[in-house]
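Hi,

Here is the structure I promised to pass on. Have a look at it first, and my notes follow right below.

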Amino acid sequence: MRRRQLLGYVLAAPTLVAAAELAPAKEAAAMGAAAKDVAANDVVGAGGLPSLDITEVVDLNDALSLAAAPTSALITVQVNKDGTVSFALPRAEVGQGITTSTAMLIAEEMDVPLDRVHVTLADARPELLFNQLTGASNTTIATYTPVRVAAAIARGRLLDAAALELGALVEELKVKAGVVLGPAGKSIGIGELAEKAAAATTQKATARLKNADEFTVIGTPQGRVDARAAVTGAKKFAMDLAVPDALPTMVCRAPTINGKVGSVANLDAVRAMPGVSDAVVVSTGVAVRARTFGQCIDAVRALDVSWRGGTAEGKSDDTVLAELKKAEPSMGLPSLSRTVEERFTFHFRGNSALEPNCAIADVRSGKAEIWGGLKSPIVAKQTIAARLGLPVGAVTVHVTESGGSFGRKLFFDAALEAAEISQKLGKPVRLMWHRADDARQGRAHPMATSRVRAAYSGDKVLSFKQRHTSVSTDLTMGFGEALTSVAAKLPVVDLAFSETFFQLSQSMPYEFGAYNRILNETDKGFNTGSMRNVYSPDVTCARELIVDRLAAKMGKDPLAFRRDFLHDERARAVLDKVAEVGQWGRSLPDGVAQGVAVHTEYHAVNAVLVEIDCRPETVDRPIRDGVTGPRVTKAVCAVDVGLAVNPRGLEAQMMGCLMDGIAQTLTSSLHLKDGHFLEASWDNYLYTRQWNTPPELDIIVMPNTSEKPGGAGELGVAASMAAVACAYARATGTMPTTFPINHDTLSFTPKPTVPPVPQSPTDGRDHAI
């Protein structure tokens, strides 16, 4: 087939349904050949670890896209009789805007108005295999071609049907705003053609995709298709669904991480409380079901529970850090050249989205029905079936839109817990975790250390080593199976899974001689996950701080140093853009400084320039109920994702990335003490607040540099975090080595409505509230 003429199917259906066929053989062969070339050129060094950058050959996103390709024909576009187009997206919309960008792809290829494309979320479909896993900024990359092909096939089929109806040649027809226009003023809407264009049997078809110079929708700034529903309260999340008899349910949880119920002294008394219908011991605590969530809270507070210790019993920040230092891989023999070396510490960080962790479950009569915002619904379906002792086919999992994730919704603990409770009670439940539950028993970004050693001589960097040691990151939500399915084609087949993930997700944008990175993970006693990047923010922050130190040792300007050593023109372009817009090098008062950083990931590049004010009058300014500290006063972010499907959505993503970067550098962390985290909610988990949000912010989306999109959702956090850290170092004259910078100085003054943190493992009755 010619370059833009691709294969697909017209499926047997009452109205027109079209799908793409993306056989991965060509991509797999190319990847395998590239892997052999890597090995032949000694890019993979001793022990299978890279001395050059594997991601230049294949990265995590390539692997996930390849794993998803075989089931692309199961993703279909449907034309309806009312002239609308429907698409059930097999990924999770958690605020990142993929329902909008997907609708744009369909509207582009079908020449249909954007508001007539209805994108919903598909239920868990095990036959999709790895095509229903949302993460690693992979959605737009993996679905970009199959969605367009399916839409283009549908358009071609509509034109064939219209030619018969209008008595014209296909070449004489064109589609505009959902109407097929023919000669002599004849026209017919696509709704009238929906049945006429349908097929009685599945047929193979071809389609020609539009060239980039023909785009009228893709690449244009578009408002979100769900914006009005979101701001008017009409948008439906899991807790908004009207599932009959699904009463509010909450769980009283242990005071230490993963603690278990020993005994309950007053279960019958709690069951007799107003509004309470049920109270029962489950694997995660004591579940209470009542008419209202307020009554659930009262019941949870009243429970008298004796708890058994959890998996982090007795551990605190200092003890975990000591374990990490013991587990750090060797840096090797000291270099004979001049070196720059440092160890950086990154504390636990919370992974709570604004929407509380929640799910609805109805498990009765040998079947189960689940509703929740799930990014790995197939694994959830299979795990729930196993836990309940039901066949997989007896479990239905509905994916609902969710209010945020940042990696949190890859885990389906609320859905699994709701299913267990519903089965035990024989009643439907509407489970919601309290905010404190998620901060203390939910998913946390793991504590880590990152040691870096760079050797240099003259104006050359001879080698760069990084040893990243982390509390184990839980990646068992579907990524493992996806990578395993393509592992034989990757140049890292002998590495452990976490190391494979690490190598494929990290990159080195600089020409720094002999380069290698190693991950070592330890301690599986914590509930961990990614937090808007798995490893990149910490790894990149450490790297960019060392880059600044190298520049100082060589007597070079930090931005000029980066520009000299970057090996990618796109990276230089974004760096030049932030320098221009941010006026790099302009005169600033003492205690105020600029910082800049570059990050490359998933076929995209990002540079961030910030200005930070560390003067005493700023650091010590009074803020009611707040922790002040330095303030980022200006930020400039330039991003190149290749092809930006929706530049407006990309701008919003990068704005969020910047706020994450500020938070992780300056204020946001969890404090571990005696096996439990102290933070309970947003009053004492200090994410970026208005007082440390930059009043000056510029986000520049670079002109398209590719015909395909790259990843954006995880790109900007790393560069933002590193830029803030570099600016802080220049403003204070001291390079920070612990993040967040003010972790050890934060105080805890919970509001009166928040019960005190338990002082011992047995004082946990109010802990969930």
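Six strands make up an open sheet, and reading across it the order is β5-β4-β3-β2-β1-β9, with mixed pairing. This is a predicted model, by the way, so please read everything here in that light. The two edges are taken by β5 (117–121) and β9 (203–208); each has a single partner strand, so one side of each has no neighbour in the sheet. Ignoring direction, neighbouring strands of this sheet are turned by 30° against each other on average.

At the β9 edge, the partner is β1 (residues 5–10), and the two strands run antiparallel, paired over six bridges. If you want a spot to start from in your viewer, go to glutamine 5, which sits opposite arginine 208 in β9.

The other thing I looked at is a helix pair much further along the chain. Helix α16 (residues 558–565) and helix α17 (residues 569–581) have axes that come within 10 Å and cross at roughly 160°. An angle over 145 degrees counts as roughly antiparallel, and that is therefore how α16 and α17 lie to each other. The crossing of α16 past α17 is left-handed.

Which residues meet there? On the α16 side they are Leu559, Arg562, Arg563 and Asp564, and on the α17 side Arg572, Leu575, Asp576 and Ala579. By type, the contact of α16 with α17 has five charged residues, three nonpolar ones and no polar ones.

That's what I have for now. Shout if anything is unclear.

Cheers

Methods. Residues are numbered from 1 along each chain as its sequence is written. This is a predicted model: local features need pLDDT of at least 70, side-chain atom pairs count only at pLDDT 80 or more; totals for chains, interfaces and linings use all residues. Side-chain values use heavy atoms; hydrogens and water are left out. Axes are lines fitted to C-alpha atoms, for helices over the stretch in contact, and angles run from 0 to 180 degrees between N-to-C directions. Helices (H or I, at least four residues) and strands (E, at least two) are DSSP runs, numbered from the N terminus. Angles under 35 degrees count as roughly parallel, over 145 as roughly antiparallel, 65 to 115 as roughly perpendicular and the rest as oblique. A crossing is left-handed if the near helix is turned anticlockwise from the far one by less than a right angle, and right-handed if clockwise. Contact means heavy atoms within 4.5 Å. Ala, Val, Leu, Ile, Met, Phe, Trp, Tyr, Cys and Pro count as nonpolar, Asp, Glu, Lys and Arg as charged, and the others, Gly among them, as polar. Two strands pair if DSSP finds at least two bridges between them.
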